[in-house]
Amino acid sequence: MEIQLWKDLLEPYHIAVEELLIKFQYLIREYRGKGMYSPIEEVNGRVKKISSILEKMHKKKIEFEDIENKIDDLAGIRIICQFVEDIDSVVNIIKNRSDMEIIKEKDYLNNPKKSGYRSYHLIIKYNVITLNGTKSINVEIQIRTLAMNFWATIEHSLQYKYKHNMPLHIRERLNGAAAAVIALDKEMSSVRDEIMDSQNSFQIKAQVVAEILNTIQNLYSAANKREIIKIQDEFYKVYKTGEVDELEKFGKELDIIAEGYMAQGLENNE
Ligand code: 0O2
């Protein structure tokens, strides 16, 4: 196939990956912005390389005209979670969206692959709008924990290095590592509540501090410099206590001061 045709074929998949990354990143921001725990820790994506497509076509005896129907992961999104429990939450989030339709689910969590690979895969239909109109394409979403991702990344590189002839002793060590991943995920799940609590209070504190700094910044154009320096000093003092309650109290008082200045500003404009 001509290179230009590959480019045309893959263009909608590039658009889909870019759009989906923005959508999932926005979800993370929304959770964290509200001081909530995000079941998605990070997200990345890629369009399959032409060399990998050719390899898969060869392996599965797929003709050029069948690429889009028979290769589900031309566009791939990978969602990484902290805990195994988050994987279900992410699947439910996707199930409830109107812009993604799940057409296939592969549960390699409860049914790991022979290699030891664990992950939850969804194949979704996603609409991409181009100059030629709307095109519905398949996208593979892999959802796994940080630990599972660590294992899969290493194993993938070794598969690449050894092609399909991985030495037995390495395969055995990978099997051992896969068992260690299961144990690690279990252990982390058992302290999940505590970890989430501490992460939540960190998020809330970061949010309160960001709001205070934003208000102080706004005051720069309204209040006099001496007063702002006084407010800043007060903020640093409260910040040093490390108490979120104190920071919240300070933020509320600051809001009242800022409101006063807004009102003054309005009066001046009249
Ligand atoms: P790459 O380089 O990641 O793009 P099937 O539908 O079962 O006939 P298919 O289409 O290969 O076969 O689907 P499957 O098995 O769900 O695998 C899709 C992707 O999951 C793979 O893409 C890998 O990314 C990942 N994966 C599956 N099995 C393994 C494994 O044993 N180890 C690792 N590390 N990853 C795995 P590709 O096309 O293999 O490659």
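Here is a walk through some charged, buried and surface features of this structure, which is a predicted model.

Let's begin with the salt bridges, since there are quite a few to look at. By the rule used here, the count comes to 14. A good one to find on your screen is the pair K48 and D73, whose side chains meet with an N to O distance of 3.0 Å. K48 sits in the loop between β1 (42-47) and α2 (50-60), while D73 sits in the loop between α3 (67-70) and β2 (75-81), so this pair ties together parts that are 25 residues apart in sequence.

Are the two partners buried or exposed? K48 has a relative accessibility of 11% and therefore counts as buried. D73 counts as buried too, because its relative accessibility is 7%; the cut-off for that label is under 20%. This pair also belongs to a wider arrangement: R46, K48, K56 and D73 are linked in a network of salt bridges. If you display those four side chains together, you will have the whole network in view.

Now move along to helix α3 and its surroundings. Which residue of strand β5 does E68 pair with? The partner is K135, and the side chains of E68 and K135 meet in a salt bridge at 3.0 Å, N to O. E68 lies in helix α3 and K135 in strand β5 (residues 133-145), so here the parts tied together are 67 residues apart in sequence. With a relative accessibility of 26%, E68 counts as partly exposed. K135 is partly exposed as well, with a relative accessible area of 30%. Another salt bridge joins the side chains of K70 and D66, this time at 3.8 Å from N to O. D66 has 21% relative accessibility and so counts as partly exposed.

Next, a look at F64, which is placed in the loop between α2 and α3. F64 is partly exposed, with a relative accessible area of 37%. Together with I50 and L54, F64 makes a nonpolar surface patch of about 230 Å².

For a buried residue in another loop, turn to P39, found between α1 (3-33) and β1. P39 counts as buried because its relative accessibility is 5%. What does P39 touch, once its neighbours within four places in sequence are left aside? The contacts are Y31, I80, C81, D86, S89, V90 and I93. You can also check the spacing between P39 and I79: these residues are 40 apart along the chain, and their C-alpha atoms are separated by 9.6 Å.

Finally, come back to charge, this time on the surface. E85, D88, D193, E194 and D197 form a negative surface patch. Two elements each give two or more residues to this patch, namely α4 (84-95) and α7 (192-219). Which of them provides the largest share? That is α7, with three residues. One residue to pick out is D197, which lies in helix α7. D197 counts as exposed because its relative accessibility is 52%, and the label needs a value over 50%.

To retrace the route, you might select the network of R46, K48, K56 and D73, then the nonpolar patch of I50, L54 and F64, and end at the negative patch that includes D197.

Conventions
Residues numbered from 1 in each chain as written. Predicted model: local features only at pLDDT ≥ 70, side-chain atom pairs only at ≥ 80, totals over all residues. Heavy atoms only, no water. Patch = residues over 30% accessible without salt bridge, like charges linked within 9 Å, V, L, I, M, F, W, Y side chains within 5 Å. Areas by Shrake-Rupley, 256 points an atom, 1.4 Å probe, with all protein chains shown as cover. Lys, Arg positive; Asp, Glu negative; His and termini not counted. Charge placed at Lys NZ, Arg CZ, Asp CG, Glu CD. Helix = DSSP H or I, 4+ residues; strand = E, 2+ residues; numbered from the N terminus. Buried < 20%, exposed > 50% of the residue type's maximum accessible area, 1.4 Å probe, protein only. Contact = heavy atoms within 4.5 Å.
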